[in-house]
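Work through the exercises below with the sequence and the model open. Each task is followed by a solution in steps.

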Amino acid sequence: MKELKTAVLFCLTVTLLCGGLYPAVVTGIAAALFPRQAAGSLVIDDQGRTIGSQLIGQPFTAPQYFWPRPSATPEFPYNPAASGGSNSGPSNPDFLKTVAQRVQAIRDSGVTGAIPADLILASASGLDPHISPEAAAVQTTRVAMARGITGALVGHLVAAHTEDRQAGFLGEPRINVLALNLALDKVSP
């Protein structure tokens, strides 16, 4: 009986410490030191409305916007509640059909050369808010034509929104699609 009492008390203590106190302290520190990031890196417009998060991709499909990496979430694209990859292998017929449809959509938009993989393949989470500079480059002409502005101006915005590798060596250069599209709207509403 003594061992049972000790085990139950230990379990309750560890649960309170690890499941309650520790998360509360870490959340409090994060909110104090990094309030914007702890709140989800939300993007607020001039009227004070939340229009998105810099951490979660959004479905841009109009020709005057840069298109993001495809979402793998079922039914509603870029749904964080359903985050996860499709888990379909390269020989899966449904996967191949989906990739073919994405390639055709890119071709229909006017891209004739090589298509960067991040425009046709979803990320592991299905929510990636970034594209590669190469994925932005193949879309620059379409976006410039749809907005009636020069490709040079669009290229300048792409370059200005290209983020380098973290700490100079982690990851690859990337562009946040929401930030780039918002910058386009300011230059050419």
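**Exercise 1.** How do the residues of the lining of the largest cavity divide into nonpolar, polar and charged?

Solution. Start with the ground rules. The model is predicted, with local features needing pLDDT of at least 70 and side-chain atom pairs counting only at pLDDT 80 or more, while totals for chains, interfaces and linings use all residues. Residues are numbered from 1 along each chain as its sequence is written, and side-chain values use heavy atoms, with hydrogens and water left out.

Step 1. On a 1 Å grid over the protein atoms alone, a cavity is a set of points where a 1.4 Å probe fits but cannot get out; a pocket is an open set with protein on both sides within 12 Å along at least five of seven lines; lining residues have an atom within 4 Å of a point. Grid points are joined across faces, edges and corners, and a volume is the space filled by probe spheres set on the points.

Step 2. The structure holds one cavity of 30 Å³ or more, and the largest cavity has about 50 Å³ of space.

Step 3. Its lining includes Ser 53, Phe 60, Pro 68, Asn 176 and Leu 178.

Step 4. Ala, Val, Leu, Ile, Met, Phe, Trp, Tyr, Cys and Pro count as nonpolar, Asp, Glu, Lys and Arg as charged, and the others, Gly among them, as polar. The lining of the largest cavity then has six nonpolar, five polar and no charged residues.

**Exercise 2.** Describe the two largest pockets.

Solution. Step 1. The largest pocket holds about 350 Å³ of space. It is lined by 14 residues, of which Phe 60, Thr 61, Pro 68, Pro 70 and Tyr 78 are the closest to its centre. By class, 10 residues of this lining are nonpolar, three polar and one charged.

Step 2. The second largest pocket has a volume of about 230 Å³. Among the residues lining it are Asp 94, Phe 95, Arg 102 and Leu 121. Four nonpolar, six polar and two charged residues make up the lining of the second largest pocket.

**Exercise 3.** In what order do the three strands of the open sheet lie?

Solution. Step 1. Helices (H or I, at least four residues) and strands (E, at least two) are DSSP runs, numbered from the N terminus; two strands pair if DSSP finds at least two bridges between them.

Step 2. The order is β3-β5-β4, with antiparallel pairing. The edge strands, β3 (130-131) and β4 (162-163), each pair on one side only.

Step 3. Two bridges join β3 to β5 (residues 174-176), and His 130 stands opposite Asn 176 in β5.

Step 4. Ser 132 sits in the loop between β3 and α4 (133-137). Leaving out residues up to four places away in sequence, Ser 132 touches Pro 116, Asp 118, Pro 173 and Ile 175 (contact means heavy atoms within 4.5 Å).

**Exercise 4.** Is Ser 41 buried or exposed, and what is the sign of its phi?

Solution. Step 1. Buried means under 20% relative accessible area, exposed over 50%, and partly exposed in between (1.4 Å probe, protein chains only). Ser 41 is buried because its relative accessible area is 5%.

Step 2. Most residues other than glycine have a negative phi. Ser 41 has a positive phi of about 50°, and it lies in the loop between α2 (35-38) and β1 (42-44).

Step 3. Tyr 78 has a positive phi of about 60°. With 8% relative accessibility, Tyr 78 counts as buried.
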